[in-house]
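User: I'm new to this one, so please pick a single part and give me a close look at it. Keep it chatty, but tell me how it connects to what's around it.

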Amino acid sequence: MCSSLINDISRVLYSEEDIKQAVIKIAKEIENDYQGKNVLLIGLLKGAAPFLCDLARNINLNLSIDFMTASSYYNGTETTGTVTITKDISTKVEDKHIIIIDDVADSGVTLNYLVEYLKAKNPLSVKTCALLDKPHRRTVEFNVDYFGMIAPNHFVVGYGMDYQEKYRQLPYIGILKETVYS
């Protein structure tokens, strides 16, 4: 692992084992809620990719997977308030229950927008899932349906989460030193 990346982390917030246990917890909740149903997991690229893969491997259901790229951040640390979709799904959704998979639910702007956007495609249902939830950071009224852990108000990286496309490969979630992004 690149030592300069590791040196940018003030402390590990969630270890690999913490993440694994959170993923298993969420997978069991989804299994219980969707037995016998046709489920489509939609991962939000790029940050949710590791989480989506680990989650899908732990869900014992008939699943399909697709990806979207949507953001309201644009390489910064604060939402712009405007969501842009740069890659849409390619799967037909009319006979599916959608679960949008994100790495962290922060402002709620992107997930709230995507729920409404995907509902307009007439799926059977749309729910949301995030590994980390930061409800204290919401700028819109929004609740995540499935989440692993409540995260404190720090800028976190690792396990898919980035700052300017760096740190995604860290196997844990750490707090990024403010000197890196301020």
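Analyst: Let's start with a little vocabulary: strands (DSSP E runs of at least two residues) and helices (H or I runs of at least four) are numbered from the N terminus, and two strands count as paired when DSSP finds at least two bridges between them. Bear in mind that this is a predicted model, where local features need pLDDT of at least 70 and side-chain atom pairs count only at pLDDT 80 or more, while totals for chains, interfaces and linings use all residues. Residues are numbered from 1 along each chain as its sequence is written, and side-chain values use heavy atoms, leaving out hydrogens and water.

My pick is strand S5, which covers residues 97-105. Nine of its nine residues are buried (under 20% relative accessible area with a 1.4 Å probe, protein chains only; exposed is over 50%, partly exposed in between).

Next, the neighbours. On one pairing, S5 runs parallel to strand S2 (residues 39-44), with five bridges; Ile99 in S5 sits opposite Leu41 there. S5 is also parallel to strand S6 (residues 125-133), this time over eight bridges. In that pairing, Ile98 faces Val126 of S6, and Asp102 has Ala130 of S6 as its bridge partner.

Zoom out a bit and you'll see an open sheet of six strands with mixed pairing, ordered S4-S3-S2-S5-S6-S7. Strand S4 (84-87) and strand S7 (146-150) are at the edges with a single partner strand each, so each has one side without a neighbour in the sheet. From one strand to the next, the twist averages 30°.

How does the chain get from S5 to S6? It goes through helix H4 (residues 109-119), and the three make a right-handed β-α-β unit (clockwise from the first strand over the helix to the second, with the strands pointing away from the viewer). H4 has buried residues too: Val109, Thr110, Leu111, Leu114, Val115 and Leu118. Those residues pack against S2, strand S3 (63-71), S4, S5 and S6, where contact means heavy atoms within 4.5 Å. Another helix, H2 (residues 16-33), lies across S5, S6 and S7 and runs at about 155° to S7 (axes are fitted to C-alpha atoms, for helices over the stretch in contact, and angles go from 0 to 180 degrees between N-to-C directions).

One more residue deserves a stop: Asp66, which belongs to strand S3. Asp66 is buried, at 6% relative accessible area. Leaving aside residues up to four places away in sequence, Asp66 touches Leu40, Leu41, Ile42, Gly43, Lys87, Ile89, Ser90 and Thr91. Leu41 is a familiar name here, as it's the residue opposite Ile99 of S5. A polar atom of the Asp66 side chain lies 2.7 Å from the backbone nitrogen of Ser90, and the Asp66 side chain also has a polar contact with that of Thr91, again at 2.7 Å (N or O atoms within 3.5 Å; within protein, one able to donate a hydrogen and the other to accept it, with sequence-adjacent residues counting only if both atoms are side-chain atoms).

Finally, the cysteines. There are zero disulfides (cysteine sulfur pairs within 2.5 Å), and the sulfur of Cys53 is 13 Å from its closest cysteine sulfur, in Cys129, which is too far for a bond. Cys129 is buried at 0% relative accessible area, whereas Cys53 is partly exposed at 37%.
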